[in-house]
Amino acid sequence: MIFGKLFLTYGLAILALVGIAEYRGWSLNTVNEVKGVPKTIRNNPGAYRSHFMFLPRYIGGK
Amino acid sequence: MATPPQVKALACPNCGAGVQVRTYARTLNVVCVNCLTVLDASTPELQILQKFEGATRIRPLVPLGKRGKLESEAWENIGFQVREIVVDGVPYQWHEYLLFNPYKGYRYLTEYDGHWNDVKTLKSIPSPCTVSGKPAVQVLGRTYRHFQSAEATTVYVMGEFPWQVRVGDQVRVADYVAPPFMVSSETTADEVTWSIGEYTDGRRIFQAFELKEAPPAPRGVYANQPSPYAGRTKRAWTTWLFLNILLFALMFFFSIFTGNQVVLDKSYYFTTASKGEASFVTDVFELKGRISNVELTTSTDLDNDWAYFGFALVNEATGQGYDFGREVSCYYGRDSDGSWSEGGRNDSVVIPSVPPGRYYLRVEPEMQSDASGGGSADHRMNYRLQLRRDVPYNAFFWFAALLLLVPPVFTSLRRAGFETRRWNESDYAGGSSGGSDSSSSDD
């Protein structure tokens with residue numbers, strides 16, 4: 001009986017967490033949050049360098 | 001018991017000690033408690049039938065002559081015997097207590113390694129059948145699966161018995177189980193006796209007989225011991241089903257009621273032939289509503305090629321940026337193994353928890369250039385960027401569905417382990433027992 005209540009509590013907690021995640025728009029994808037991006041980028045997009053541009057990348061093909 | 005039973009006191013012809021006969025009208029054998037000599041109670045002079053030659057004495061957990069109440073009826077322990085079977089050269093002994101009530105007759109208690117059974121003689125004869133190709137019997141609306149057959153030998157007796165008992169008596173026993181019940185047959189050259197036992201907590205027996213000490217703790221899993229996981233497993237799967245219904249209802253709710261609003265949808269062209277700055281920014285668009293996610297879908301026409309995109313979603317007013325990179329690659333071909341393909345032309349990413357505001361997207365596409373790849377041809381692609389606000393994100397639902405599986409699967413495995421331990425003690429050890437006590441009720 002205790003097991004049943006524990007499982008129900010566990011399950012409802014998971015559902016609540018999923019509901020919150022969905023409502024708040026959580027995602028498993030990784031993005032790098034940066035603050036204070038200069039407004040000049042709109043006029044000179046090349047002045048900004050994303051740190052992702054320096055990561056090694058796959059160049060494909062079998 | 002309304003009146004105390006009459007007790008006849010006689011002297012043991014072997015040692016002279018007093019021998020009490022409680023059920024003298026029915027008793028055929030009585031065993032002297034002092035010297036354990038088996039006496040014939042049907043003759044006035046208590047003829048000696050068998051002398052005890054063993055060196056050890058065994059103390060019954062329920063003393064002879066002790067009275068107790070089982071199911072509101074008074075019962076007296078009048079006989080005790082130890083029986084033994086030998087399996088693979090290993091002797092296994094269990095204790096049997098003979099209880100008597102002058103109005104109800106006899107019943108038995110058996111004890112093995114702390115496991116107790118309350119046993120009564122069956123008045124119906126079980127009918128043989130098979131379950132999954134293995135022998136079984138049916139009686140009183142229940143199917144019992146064969147557990148074990150062996151030759152049982154009486155190795156120790158005390159008290160009185162309504163049948164001829166000797167140390168060394170042998171019977172062929174067969175046990176059939178449907179936890180918490182067990183049906184047993186005892187076969188001699190003359191007759192077959194059937195009995196039905198119900199697994200009983202030792203504490204109940206000790207309380208019934210007002211025994212002060214604690215009963216021995218059960219060891220291992222007994223043949224008809226009810227699985228503590230049987231009902232729990234069923235409840236766990238029922239709860240799992242209920243929670244999954246709620247989960248899919250939640251999934252349905254969010255798939256219907258999320259905004260899923262397209263805020264940017266534009267097509268672009270990129271070529272490595274262009275020597276100018278590849279990066280650019282989109283028009284400003286508004287992300288409305290609460291803090292929510294944003295999905296960026298990139299669709300390309302890549303053909304055996306790759307492209308890399310450096311993205312930054314920037315809040316125009318605050319300068320808050322979400323910086324990320326995505327690679328799209330689409331390759332296919334044919335070799336000695338046949339045709340193959342890798343990757344795809346499209347990509348999708350969900351940016352988490354983006355506050356409302358006015359945003360623009362900085363895009364920096366990149367493809368293999370002559371300098372980096374050593375090729376001579378220009379690389380080009382058409383691509384389309386689509387941004388949607390507040391999209392349903394199903395990954396959490398599938399993850400939750402997996403987490404919800406953990407308790408019922410864990411309980412089912414525990415139950416299977418319990419059944420394996422049970423059937424490891426049977427004639428079907430290490431094989432396919434069927435592994436479940438399903439012939440009885442699940443709970």
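**Close-up views of chains A and B**

**View 1. Surroundings of Arg326(B) in strand β22 of chain B.** Arg326(B) is partly exposed, because 16 other C-beta atoms lie within 10 Å (20 or more would make a residue buried, 12 or fewer exposed, and anything in between partly exposed, with C-beta atoms placed from the backbone). The model is predicted, so that local features need pLDDT of at least 70 and side-chain atom pairs count only at pLDDT 80 or more, whereas totals for chains, interfaces and linings use all residues. Residues are numbered from 1 along each chain as its sequence is written, and chains are lettered from A and ligands numbered from 1 in the order in which they are written. Apart from neighbours within four places in sequence, Arg326(B) is in contact with Thr298(B), Phe309(B), Phe311(B), Asp347(B) and Val349(B) (contact: C-beta atoms, placed from the backbone, within 7 Å). Ala395(B) is 69 residues from Arg326(B) in sequence, and their C-alpha atoms are 19 Å apart in space.

**View 2. An open sheet of 4 strands in chain B.** The strand order is β17-β26-β20-β24, with antiparallel pairing (strands are DSSP runs of E with at least two residues, helices runs of H or I with at least four, numbered from the N terminus; two strands pair if DSSP finds at least two bridges between them). At the edges stand β17 (261-271) and β24 (346-354), each of which pairs on one side only, and the twist averages 15° from one strand to the next. Strands β20 (residues 292-300) and β26 (residues 380-389) run antiparallel and are joined by 7 bridges; Thr298(B) stands opposite Leu385(B) in β26(B).

**View 3. Packing of helix α1 of chain A against helix α4 of chain B.** Helices α1(A) (residues 2-24) and α4(B) (residues 395-423) pack at an angle of about 170°, with their axes 10 Å apart (axes are lines fitted to C-alpha atoms over the stretch in contact, and angles run from 0 to 180 degrees between N-to-C directions). The two helices are therefore roughly antiparallel, a term for angles over 145 degrees. Residues making this contact include Phe7(A), Tyr10(A) and Gly11(A) of α1(A) and Phe396(B), Phe397(B) and Ala400(B) of α4(B).

**View 4. Strand pairing between chains A and B.** β1(A) pairs with strand β22 (residues 321-335) of chain B in the antiparallel sense over 3 bridges, and the bridge partner of Glu33(A) in β22(B) is Tyr322(B).

Note on methods. Angles under 35 degrees count as roughly parallel, over 145 as roughly antiparallel, 65 to 115 as roughly perpendicular and the rest as oblique. Two residues are in contact if their C-beta atoms, placed from the backbone, lie within 7 Å.
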